[in-house]
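Trainee: Could we go through this model together, one question at a time?

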Amino acid sequence: MLGLTMLGAAAAAGATVVAPRVARAATSSYVPAVVVGSGYGASVSALRLGAAGVPTLMVEMGQLWNTPAADGNVFCTMINPDQRSMWFKTMTEAPLDSLLWLPVINKPISSYAGVLDRVDFPNMKVYCGRGVGGGSLVNGGMAVTPTRDSFADILPGVDADEMYSTYYPLANQMLGVNSVDQNWWNTTDCYQFARVGRDDAAKAGFATSFVPNVYDFNYMEQEALGQVPKSALNCEVIYGNNHGKRSLDKSYVPAALGTGNVTLKTLTKVTSIGRNADGTYAVNMSTVDTLGNTTSSQTVNCKYLFLAAGCLGTMQLLLQARDTGALPGISAQFGQNWGPNGNIMTARANWKPTGSVQAGMPTLGIDARNQAVPVFAEIAPMPANLELYISLYLAITKSPERGSFSYDPASGQAKLTWGPSQKDFAENAARTLFDKVNAANGTIYRYDLFSGNRAFGDDFCYHPLGGAVLGSATDLYGRVPGYPGLYVNDASLIPGWTGVNPFVTITALAERNMARVIAADGLTS
Ligand code: FAE
C-alpha cells in the first residue's frame, strides 16, 4: 500500500510525511483541512477527507513509532520499561502500583516522547496514547460492538439501523478486527488466565462472552509455536506492541496517506486555535524533538478544522478558545457530560494457577450486561513471566456519574472536575459481581496492587468519553454550532459510557459523521 511505504520512508526522512500532491501544504501557511490528532476519529477524518480530494494536514503531538531503538525493537516491554514507555515522565505510571505491597512495578526512566501518557486530575487519572495512531498504540485491541439496545440508549438521536448496517461493519473491516480460534484458545497456555476467569465466573452464575480484537490471532498462534518474534506473548501491551497488532498506523493512517492528499506532521502539538477575519481557522502549533525541546512553531490556516485529539486534547483546544475569547460563541454544553465509561479495575487472589505466560490481548469478558446495573468485566492479563495466582479485571459499569471540564486561566489548562465520591457507583456495581465470584470460589480481593490497601483501582480510566456530546454540544454530525467548518470527531462525542470498550464505536461514528459532512457540506480545496 502506498501509504505504508510513505510511513516507512518517514523514519528516514524526518518528522513530516508529505503526500506528493500537497507537498506545499506542510510548509505553507494554508491548507484546506487540518485534522488534530491521529487516533481513531482523526485517522477516519483524514482518510475520508483525502479520499474526497481535500488536501489535509494531520497534526500529531507524539512520534511516528516505526524506528527500532538500539535493542532492535520499536517499543519496550511492560516488565522491562525504558524511556519509550511514557510521555515525558521520569517514572513509569502503570495502573498497578505494587505487588505484595512492594514498589516493584514502576521503574525510573528518562524523560522522552514515549508512547503512553497519564494525565492526572483530582480523583481521576486518564490514560492516553501518544504517537501516530493515538490510543491504538497502547490499548488492548478489544474491538467490541455494543448491543443495539445499549447503543440506542447512548445516542438515541443517531440512526441505529444505519450504524449497524453500514458503519459498524465498515469500522470492523477497516480496523482489521478478527476473533480467536476457540479450539486453540481452549488449549493454549497463554489463555489459561482467561479460562480460569471464565470457570470462576460460571461458578457464580455469570456468563462470559468472547470479544474480537485487532491483534492478529494467526500471528499469536505462531508466537506460541516459537515461529515468529513474540509480542503479545512477550509482555507487550500498554507500552506498545512490536508485532501482531493492527494499530491505526497499519490501517487507517496509511490508507489516508495513500490517497495522496494527506500530509502528516508528527511531534507537533496544536497549542491553540482561533478564527481569522475571512472565516478561516488559525491553527497554532509547535514542534518538539524527542527530548521535548521546541524546534519550531507555526500557524497553519484552514477552511475546515477537525478536532480529534481525544477527549482531553479536544477539550483543551475548545475551552481555551472559548474562554480566551478566540472562539467566544462555543456553547456552555462543551465541557459537559464526560465519563470514564464506568471503568474500574480489581483483582482476586486465586488459589488456582492463572499461568506464567499470559497473552497481552484480552479475549473474554464476564458478561453481566443484563443485570440491574449492567457490568461488562474484561478478564485482563497480568503478564509477568511468573505464576502470580492473580485474576485481574477491567470492568465497564453503567455508572451515571458525569464530570465536566472547565478552563483554568492561571495554568492555561482545561481541568476535569470529578468528585471523590463519583467512583462509588462503579465500585458498588463491580462489588455486586465480584463479591459473588469470590464467594462461589472461596477467593478474596487482592489489596496489594493499588496504593492505599485498596481492592479497586477506582481513580483512573482507560476509556475517557464525552465533553462535546453529539446532538447536545455539537450537532448530530459533530459540527460545532456557530462555527462553519469546525468539527469534533473523536471520543468526546460519546456521553460518558458505551457499555463495552469504545474504539469500534468511536471509529464507526467518525465514519458516519464524515460520510454526511463530505456529502452535505460542500468541502472544497
Ligand atoms: P485517541 O486515540 O486518544 O487519539 C488522540 C490523539 O491526539 C493522540 O495520538 C494524541 O497524542 C493526539 N493529540 C492530543 N492533543 C493534541 C494536540 N493538541 N495536538 C496534536 N495532537 C494531539 O483519540 N478501547 C477499546 O475499545 N478496546 C481496548 O482494548 C482498549 N484498551 C485500552 C487500553 C489502554 C491502556 C488505553 C489507554 C486505552 C484503551 N482503550 C481501549 C481506549 C481507546 O484507545 C480510546 O477510547 C481511543 O483511543 C480514543 O480515540 P480518539 O480518537 O478519541
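Mentor: We begin with a term: two strands pair if DSSP finds at least two bridges between them. Please keep in mind throughout that this is a predicted model.

Trainee: With that definition, how many bridges join strand β9 to β10?

Mentor: Strand β9 covers residues 281–288 and runs antiparallel to β10, and Tyr281 stands opposite Cys302 in β10. Since pairing asks for at least two bridges, the number found between β9 and β10 meets the requirement, for it is 8.

Trainee: Which strands stand at the edges of the sheet that holds β8, β9 and β10?

Mentor: This is an open sheet of 3 strands with antiparallel pairing, in the order β8-β9-β10, and its neighbouring strands are turned by 20° against each other on average, direction ignored. An edge strand has a single partner, so one side of it is left without a neighbour in the sheet, and this applies to β8 (268–275) and β10 (294–302).

Trainee: In the sheet β4-β5-β21, which residue of β5 is the bridge partner of Asp120?

Mentor: This open sheet of 3 strands has mixed pairing: β4 and β5 pair in the antiparallel sense over 6 bridges, whereas β5 (residues 124–129) and β21 pair in the parallel sense over 2 bridges. β4 and β5 also form a hairpin with 2 residues between them, and Asn123 in the turn has a positive phi of about 70°. One residue of β5 has Phe460 as its bridge partner in β21, and the bridge partner of Asp120 in β5 is Lys125.

Trainee: Which residues touch the most other members of the largest nonpolar core?

Mentor: That core has 93 residues, and helix α11 (residues 503–520) gives the most to it, with 8 residues. As a general point, nonpolar side chains tend to be buried together in soluble globular proteins. One residue to examine is Val34, which touches, among others, Leu57, Val283, Cys302 and Phe306, when residues up to four places away in sequence are not counted. The residues that touch the most other members of the core are Val34 and Leu305.

Trainee: Is Leu470 buried or exposed?

Mentor: Leu470 has its place in the loop between β22 (465–467) and β23, and residues that it touches include Leu155, Val158, Leu493 and Leu509. Its relative accessible area is 6%, and because the cut-off for that class is under 20%, Leu470 is buried.

Trainee: What span does helix α6 reach from its first C-alpha to its last?

Mentor: Helix α6 covers residues 192–203 and is followed by Gly205, whose phi is positive, near 90°. Its buried residues include Phe193, Arg195 and Asp200. With 12 residues the helix is expected to span 16 Å at 1.5 Å a residue, and close to this value it reaches 17 Å.

Trainee: Which helix has the lowest mean pLDDT among the elements of the protein chain?

Mentor: The mean pLDDT of the protein chain is 94, and 95% of its residues reach 70 or more, yet over residues 9–28 the pLDDT is below 50. Beyond near neighbours in sequence, that stretch has 39 contacts in the model. Strand β23 (residues 486–488) has the highest mean pLDDT, 99, while the lowest, 47, belongs to residues 2–13, which form helix α1.

Key: Residues are numbered from 1 along each chain as its sequence is written. This is a predicted model: local features need pLDDT of at least 70, side-chain atom pairs count only at pLDDT 80 or more; totals for chains, interfaces and linings use all residues. Side-chain values use heavy atoms; hydrogens and water are left out. Helices (H or I, at least four residues) and strands (E, at least two) are DSSP runs, numbered from the N terminus. The expected span of a helix is 1.5 Å times one less than its number of residues. Buried means under 20% relative accessible area, exposed over 50%, partly exposed in between (1.4 Å probe, protein chains only). pLDDT is the predictor's confidence in each residue, from 0 to 100. Contact means heavy atoms within 4.5 Å. Axes are lines fitted to C-alpha atoms, for helices over the stretch in contact, and angles run from 0 to 180 degrees between N-to-C directions. A nonpolar core is a set of buried Ala, Val, Leu, Ile, Met, Phe, Trp, Tyr and Cys residues joined through side-chain atoms within 4.5 Å.
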